Amino acid sequence: MSGIASILNTDLLVATIRLSTPITLAAIGATICERSGIVNIAMEGIMIIGAFFAAVAALYTGNPWIGLLAGVAAGGIFSLIHAVATITFHLDHVVSGAVMNILSFGIVRYLMVMIFGHPGTSDAIPVGLKAYQFAIPGLSKIPVLGPVFFDQTPIVYMSFVLVILTLIFLKKTKTGLHLRAAGEHPLALETIGVSVYKMRYLGVFISGLLSGLAGAYLSIENSISFTEGMANGRGFIALAAMISGGWSAIGSFVAALFFGFADAFQVRMQVFKVLNIPSEIFIIFPYVATVLAVAGLVRKSRPPKADGIDFIIEKEGA
Amino acid sequence: MQITKLKPLFYTVIVLLALVGSLMYFASIFSGILLILAAAVLYFVYYGLSVGKGASKALALSFLKSLLIPVIGVASALLIGGIIMAVTGYDPVTAYKALFYGGLVKNWSVSVLNAAPLIFTGLSIAFAFKAGLFNIGAEGQYYVGAVVATFLGLHFNMPALLSIPIIFLVAGLLAASYNFIPALLKVKTGAHEVITTMMFAQIARYLSSIFIRGMGGSSDGPHPYVTDPILKSNWLLKMKSIFPHANYRVHIGILIAIGMALFVQYILTRTKFGFEIRAVGQNKDAARGQGIKVGRNIFIALLFAGFLAGFSGVNQVLGLDHKLYENLNAGYGWDGISVALLASNNPIGVIFTSLLWGVLAAGGQYMSRTVQTPNSIVEIIKGIILFLIVAKYIYIHIGHKFKNKKKEEREAVK
């Protein structure tokens with residue numbers, strides 16, 4: 001048991017936060033998206049697009065902050081394909097999401113070869129966002145919690161803020177209320193004169209921005225180059241986190257932390273070889289948790305009522 | 001009247017011609033196409049003689065009509081792909097020449113090898129779609145099929161004629177049972193199968209690693225862990241042992257896949273179970289009203305989809321690889337979605353869309369080797385083809401609106 005105790009330390013918690021950040025970002029994005037009534041399984045693809053464009057922009061401008069903006073913007077723009085396909089053209093949401101994931105792979109591979117001459121890994125960016133790690137004076141001195149929460153890199157801080165902002169947006173703002181109504185009672189929303197289409201476009205777009213940010217985290221903060229396949233299923237884990245978290249921002253955040261912890265634990269188990277358990281047992285934890293959550297075994301996890309349900313406005317004369 | 005008496009004769013000749021023709025064609029003996037064409041012509045002639053000339057013509061027309069949208073979609077995607085290549089500084093004409101020469105002629109054998117596993121996963125997804133289900137986790141059932149086939153292939157020492165069907169069956173059944181929990185949850189709690197099968201696919205991806213390492217084998221330094229090769233008696237028959245000039249890797253898996261497609265088509269169109277599945281897929285409430293057990297049909301459909309996807313893994317292990325690598329990330333589940341969608345979930349259509357996907361992949365590799373155009377353009381073209389399926393929805397959407405308008409006008413006139 002002393003073996004396990006040796007890896008249970010502050011480093012493990014720091015790693016937990018770092019591994020859960022991209023999942024948190026994509027998961028709260030997905031929460032907003034699904035709350036508006038659009039099922040989103042395209043986070044993986046959007047993340048890849050965001051990661052790629054963040055790295056390319058950071059490489060060519062030499063400025064990781066421009067890379068960050070490029071990644072977020074690319075994610076947002078790419079997600080609009082999903083919005084147009086599902087909202088305007090009434091394509092099945094899951095089908096569109098699956099196609100988005102397939103498409104992202106092709107786009108990135110093609111651009112990789114075009115820009116860098118080879119698939120695989122891009123050239124390294126001169127400065128990553130990791131260089132901007134800063135400790136918040138005072139707070140970072142708190143034992144354990146200090147280094148874990150208050151001595152972090154920029155996008156990690158942003159993810160904390162964004163969780164709170166998402167919570168406020170969904171619960172306290174008028175737009176957030178309308179957006180949730182689009183996912184629960186679209187007809188009622190339309191009756192009071194608010195466009196369901198607009199709310200759903202907004203939901204998909206915000207989720208694209210956040211998934212793009214998650215991608216940027218992977219390529220220019222957690223790493224200094226883009227590698228194909230670097231999302232490595234995180235988009236699906238984000239989906240898992242959102243579902244396990246019961247389609248809520250805080251729930252998604254907590255679930256993402258749990259999954260990040262399982263991942264960090266697994267990596268350390270492998271590195272330090274403390275227990276002879278296949279690491280895969282820990283890797284599958286998020287997926288098992290999700291199945292349990294939708295099965296209703298853990299607690300009631302219910303999607304918005306009109307989630308994934310097409311909404312067609314019957315206009316006069318049409 | 002007399003012609004119907006000759007039905008068995010006609011059918012035997014047609015099936016034989018088609019079988020020998022496709023066997024030859026898949027073994028890269030391209031004159032086989034003549035036999036396939038002869039079979040098709042014979043079928044139309046027979047159909048015309050037995051049902052009437054008009055019927056034969058209508059059949060041909062409806063066949064051509066069903067090709068219309070996919071052909072337009074593929075052609076426009078190729079056009080857009082060509083424009084992308086031209087804009088980014090590659091010559092689309094040379095690239096496409098290499099792509100199709102590589103995919104259809106030079107490396108046709110690779111195209112065939114690519115297509116076989118896709119047909120199985122495509123069928124799995126198409127069948128589930130018919131029941132109104134989205135088996136997005138076909139990839140996971142593929143892993144289960146592959147792992148079970150490897151295990152049995154390593155230890156099952158029996159004549160090939162006995163062992164291979166048993167391996168297919170056992171692996172298929174276990175892959176089907178892998179969908180048991182998603183199916184049960186779907187029926188009992190309404191948990192969406194997209195979520196559950198997707199999660200199960202990820203679980204299978206990682207758990208298969210444990211099983212692969214547990215089956216013995218070796219890891220060669222940087223290479224992924226790989227099992228020992230399976231017993232030679234469990235290998236699928238190679239085309240080379242029928243036609244000496246055939247590529248040494250091509251095996252008869254493609255014919256098993258096509259046979260399976262015909263079987264699925266038969267189930268869907270000619271059996272009560274198939275009718276019920278389609279009824280449930282179209283409208284659950286209406287199906288329930290007709291006394292169809294909706295839950296039971298959904299349950300069986302999801303299991304059968306798993307069975308079909310499992311075959312894909314068996315096909316790869318017994319036919320092509322003869323061993324199993326750790327960290328297998330085959331992608332047949334995702335591509336299976338593409339080919340099923342492109343075929344509008346028609347089992348026969350899945351054969352052709354899988355072959356198209358196989359040709360694009362093999363041709364893309366050839367293209368990147370010979371004319372140095374990145375073969376990822378193929379992935380983009382695939383994506384565009386798929387989004388042009390959206391165009392089909394637009395087409396239906398517009399067609400629907402148009403019809404409604406006409407109807408309203410007619411009513412207004414009245």
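This report walks through a predicted model of two chains, A and B, from their overall build to a few individual residues.

**Confidence**

The model scores ipTM 0.84 and pTM 0.88. For chain B, the mean pLDDT is 88, and 91% of the residues reach 70 or more. A friendly reminder for the remainder: where pLDDT is low, the predicted coordinates should not be read in detail.

**The two chains in outline**

Chain A contains 14 helices and two strands, while chain B comes to 17 helices and two strands. The table sets out some overall values for each chain.

| Chain | Residues | Radius of gyration | Expected for a compact globule |
|---|---|---|---|
| Chain A | 318 residues | 20 Å | near 20 Å |
| Chain B | 414 residues | 23 Å | near 22 Å |

In chain A, the radius of gyration agrees with the value for a compact globule of 318 residues. Chain B likewise agrees with its expected value. Taken along the principal axes, the C-alpha atoms of chain A fill a box of roughly 70 × 50 × 40 Å, and those of chain B fill one of roughly 80 × 60 × 55 Å.

Burial can be read chain by chain too: 53% of the 318 residues of chain A count as buried, and 47% of the 414 residues of chain B do. Contacts between residues far apart in sequence feature in both chains. Among contacts with a separation of 6 or more, residues 24 or more positions apart account for 78% in chain A and for 74% in chain B.

**Where the chains meet**

The contact between the chains takes 33 residues from chain A and 36 residues from chain B. On the chain B side, α10 (193-214), α15 (332-342) and α17 (377-413) each supply at least two residues. The largest share comes from α17(B), with 12 residues. By character, the chain B residues that touch chain A divide into 23 nonpolar, 10 polar and three charged.

**Two helices worth a look**

Start with α3 of chain A, which covers residues 43-61. At 1.5 Å a residue, its 19 residues should span 27 Å, and the end C-alpha atoms are 26 Å apart, so the two values agree. This helix is mostly covered, with 17 of its 19 residues buried. Just after α3(A) comes A:Gly62, which has a positive phi, near 75 degrees.

In chain B, helix α8 spans residues 160-178. Its 19 residues reach 26 Å from the first C-alpha to the last, close to the 27 Å expected at 1.5 Å a residue. The buried residues of α8(B) include B:Ile164, B:Ile167, B:Phe168, B:Ala171, B:Gly172, B:Leu174, B:Ala175 and B:Tyr178. Their spacing can be read against a general point: an α-helix has 3.6 residues a turn, so residues three or four places apart point the same way. What covers the buried residues of α8(B) includes α7 (138-155), α9 (180-188), α10 and α14 (294-321) of chain B. Helix α10 of chain B therefore appears twice in this report, as part of the cover over α8(B) and as a supplier of residues to the side that touches chain A.

**Positive phi outside glycine**

Which residue of the loop between α4 (64-88) and α5 (93-116) of chain A deserves a second look? That residue is A:His90, whose phi is near 60 degrees, a positive value in a residue other than glycine. A:His90 counts as partly exposed because it has 16 C-beta neighbours inside 10 Å.

Chain B offers a case of its own in B:Ser344, which lies in the loop between α15 and α16 (347-370). Phi of B:Ser344 is near 50 degrees, again positive in a residue other than glycine. With 16 C-beta neighbours inside 10 Å, B:Ser344 also counts as partly exposed.

**A buried serine**

Finally, is B:Ser111 buried or exposed? B:Ser111 is buried, since 28 other C-beta atoms lie within 10 Å. This serine sits in helix α6 (residues 108-130) of chain B. Leaving aside neighbours within four places in sequence, B:Ser111 is in contact with B:Gly103, B:Leu355, B:Gly358, B:Val359 and B:Ala362. B:Ile29 is 82 residues from B:Ser111 in sequence, and their C-alpha atoms are 14 Å apart in space.

Definitions and conventions. Residues numbered from 1 in each chain as written. Chains lettered and ligands numbered in written order. Predicted model: local features only at pLDDT ≥ 70, side-chain atom pairs only at ≥ 80, totals over all residues. Contact = placed C-beta atoms within 7 Å. Helix = DSSP H or I, 4+ residues; strand = E, 2+ residues; numbered from the N terminus. Nonpolar A, V, L, I, M, F, W, Y, C, P; charged D, E, K, R; others polar. Rg over C-alpha atoms; globule rule 2.2 N^0.38 Å. Buried ≥ 20, exposed ≤ 12 C-beta atoms within 10 Å, placed from the backbone. Expected span 1.5 Å × (residues − 1). pLDDT = per-residue confidence, 0-100.
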